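Have the model open in a viewer, with cartoon display and a way of selecting by chain and residue number. The stops below go from whole chain to single residues.

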Amino acid sequence: MTRFFRSGARRKNLLVFHLESVAWQRLAAFPEAFPNLHRLMATSRVYRSYFSSATSTQMTISAFMHGNDGELDAASGISQPAGDTKSLFVTLQEAGYETAFLCATATAKPMLPLLSASLPAVWSTNDFGDLIAQFEWHIEETPFAIYIWNLLPHIETDFALAPFAESLEDLIGGACAVTDTLLGRVLDILRRRGLLEETTVIVYGDHGDDHGTHGFKNGLLHGLEPFTPLVHTPLVVSDVDVPAGTDNRLASTVDLAPTCLDLIGLSGAGSQYPAGKSLIGTQVSSVVFSQNFTANQPDAPHLDVRKCFAAIDRTHALMVSSRGLELYGHKLDPGNHSNLLHHFELADDGTLRLLAPRRRPHPHFNTVRHMWLRNDALQNTFAHLHGALKDHVAAKNASVKARKNDGEALALLDLQMFDRINACGRASFFGRDETRPEESLISADPHRSETDGAVHRIWKTAAVAAADSQ
Amino acid sequence: MNIFGLISVRNEERYLPGFLYHLAPYVNAIIALDDCSSDGTAEILRSEPKVISVLREVRSGPAHAHEVSNRHRLLMEAARLGADWVLCADADERFEERFLRRLRAEARTGDERGVPVRLLQLVNLWNSPNHYRADGLCKPRATARMFRLPTKITRREPGMHQPWFPPEMQNAPRANMRANLYHLRMIEPRDRETRFTKFRSIDPDNRDQAIGYGHLIDESGLTLKRIPLGRGYVDLPENRRAGFGRAMPSRRRSFFGWRRPAKFAKWIKPEPASGAPELLGFDFNAIFADWRQRSS
């Protein structure tokens, strides 16, 4: 790192602020805990359809730094990256940036030792004042690229804040407020030094927590299957060249490395991160991916957690694990409680076919079924996600096999799982006394007699009236 | 708990940016009084978001002519805007960084123990931003610059060199906080001479200060001491580079040298009696209280 690199055109600085354990759900539940973040959002670009690449922090940081979600796939567990893509911060360091990874935590254990090949040495402290002093020291050299991570909102680490809290909710909200205070302080320092305008600020959430809504999981709150409430997280980009406002395009963690390079003026280096798309361009992803374990990591039955991959589009999320496929409409079911595939069966050609309910459903559901059947929109969505996810997992499997030595145990996901529906919880979903849907198919064009309820009665009355008037 | 910074300024564009830079992160707001400034002082105050109110004094007169009146107006404005505690200083003064970090804890201690007046040591820096005068009349002395606003605030009789707090608090309990307030305008000899000339012209008969002002330029028996490790102050980064700013790096950092390798992560061993890991650097009680208040 020499002055020689910095003597050229002025480059923008980069500040990445990691929101630990903050998904949109948490931001919505505790808005008062984030006054500084909301202030920043008002003047920044907010990506409302950003989905994190993983449900665990370490994997998310890996996806951010390496611009892909496969860097850990061939490793044993969440281990040292086994891929060959250079980390974003290594790229920046080589380009003459002053890089730093600053972490506030409450535990003395070394932070992220397994990602040591990807990151600048992680500087961690339990003193926020010292973290801010480190930040001030690093930004004296420009251009700088600094990653700040406050681990306190993590459900395990926030125990250190318990003496200040009156309840669990107070603890969670207060821990978020601490993060927000830190965000406010570092932005304030940049502004006072006149560096804010020449700094690209990325604020993103890594994952959310699931408080038992998908089973107890032996107490595990994140790292479980990539349900959208866990991976639908905030992404805020503040940059003088990025117009403020809301962006509804799909975005993923793997897009962040090329986006950062684009924004700070090193777009040429972005070609080494082909898995992601720069969010500054006009390209639009039709699907993004997420996961909980690496491709080579075995299931964790003692936690009731399976290795699981997800393909997500604007309205639905398809997940596959060793239990089979699950499909959730995350717009209408943001908690991912209703596996839509309970209503379907998979035909031999891979298409979905709607099962007829044995008992007549409530009229509310008629609208749902009508829309499912009217133009096969759901089936097309499923087919798109199914194809994309299968290709994605197949590529991961192939990558791992190519990197593994002979004889090493592999725990890849069998692609046969794409041919079965996860039927877990199906009986309870339809009610204990409810019979399962008949294993008979109904036609794509529903008969009028199958409709019921107010709409049908109106139609019927109108038809009678029309007949009478003739 | 609202802690406000109060400052009265006249033509302070030299020291004011550093003053705002070092104090603004630690207080809820700053209230300023612009005493007939003709330089860029007003613009500097306008550009600082933490400055929520700027009072103006338009009556002409020598510096300090309206000191009592100005301070009274500042206190009244702070009370009107909801301050619980106030921190008073001049633009050429800098609070010790370690004190600012525990500012809210000090206020809380004052409330809990019923000691509303908190004393700092006014330290005259001399010939160097890292050294202070330790002898004679310019040696460190206690000054009451932090106090809880009383419910009743009356105005003092005119005269320079009076305390900031209102007369109602004259007999209130006081505690020394073991914190320094560094006076920067005593570093340069020409600044000291300017001060001497100014005070002699305003108060030629030493009515406001019986000991006179000769000590401002008298260097007989001069004894200088270095600011102790970890007792430094913050100033603008450009001043710091010039060796003018933070007088000394913090004690903890100094163990590793100024540019210690990042791999030496700092860890302060938690108190064994606390039962839970200890966190430092923020007023967590205040953060929780603020968020609770916002969400209620």
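What follows is a tour of a predicted model, stop by stop.

**Chain A as a whole**

Select chain A. Its secondary structure comes to 13 helices and 14 strands. Of its 470 residues, 47% are buried. Take the contacts in chain A between residues at least 6 apart in sequence: 68% of these join residues at least 24 apart.

**The two domains of chain A**

Colour residues 3-282 as domain 1, then 301-391 together with 416-455 as domain 2. Where they touch, domain 1 of chain A supplies 14 residues and domain 2 of chain A supplies 19. Which elements give two or more residues to the domain 1 side? Select β2 (45-51) and α8 (228-231) of chain A to see them. By residue class, the domain 1 side holds seven nonpolar, five polar and two charged residues.

**Strand β3 and its partners**

Move to residues 98-104 of chain A, which form strand β3. Six of the seven residues in this strand are buried. Add residues 144-150 of chain A, strand β5: β3(A) and β5(A) are paired in the parallel sense through seven bridges. One place to look is A:Ala104, whose bridge partner in β5(A) is A:Asn150. Then add strand β4 (residues 122-125) of chain A, which runs parallel to β3(A) and is joined to it by four bridges. Here A:Leu102 has A:Trp123 of β4(A) as its bridge partner.

**The four-stranded sheet**

Next, show β9, β10, β11 and β12 of chain A. They make an open sheet in the order β9-β10-β11-β12, with antiparallel pairing. The edge positions belong to β9 (288-291) and β12 (324-329) of chain A; each has a single partner strand, so one side of each lacks a neighbour in the sheet. Looking along the sheet, neighbouring strands are turned against each other by 20 degrees on average, direction ignored.

Within the sheet, select β10 (residues 308-312) and β11 (residues 316-321) of chain A, an antiparallel pair with five bridges. A:Phe309 has A:Val320 in β11(A) as its bridge partner. Now add helix α11 (residues 377-403) of chain A, which packs on the sheet and touches β9, β10, β11 and β12 of chain A. The direction of α11 makes about 40 degrees with that of β11(A).

**Helix α10 and the residue after it**

Select residues 363-374 of chain A. This is helix α10, with 12 residues and a reach of 17 Å from first C-alpha to last, close to the 16 Å expected. Just after α10(A), centre on A:Asp376, where phi is positive at about 60 degrees.

**The interface between the chains**

Bring chain B into view. How many residues of chain B are in contact with chain A? The contact takes 27 residues of chain B and 35 residues of chain A. On the chain B side, helix α9 (residues 284-295) gives the most, with eight residues. The chain B side divides into 16 nonpolar, four polar and seven charged residues.

**A last stop in chain B**

Finish at B:Asp111, in helix α5 (residues 103-113) of chain B. Is B:Asp111 buried, exposed or partly exposed? B:Asp111 has 14 C-beta neighbours inside 10 Å and therefore counts as partly exposed. For a distance check, pick the C-alpha atoms of B:Asp111 and B:Trp85: they are separated by 9.9 Å, with the two residues 26 apart along the chain.

Note on methods: Residues numbered from 1 in each chain as written. Chains lettered and ligands numbered in written order. Predicted model: local features only at pLDDT ≥ 70, side-chain atom pairs only at ≥ 80, totals over all residues. Contact = placed C-beta atoms within 7 Å. Nonpolar A, V, L, I, M, F, W, Y, C, P; charged D, E, K, R; others polar. Domains from an automatic or database assignment. Expected span 1.5 Å × (residues − 1). Pairing = 2+ DSSP bridges. Axes fitted to C-alpha atoms, helices over the stretch in contact; angles between N-to-C directions. Buried ≥ 20, exposed ≤ 12 C-beta atoms within 10 Å, placed from the backbone.
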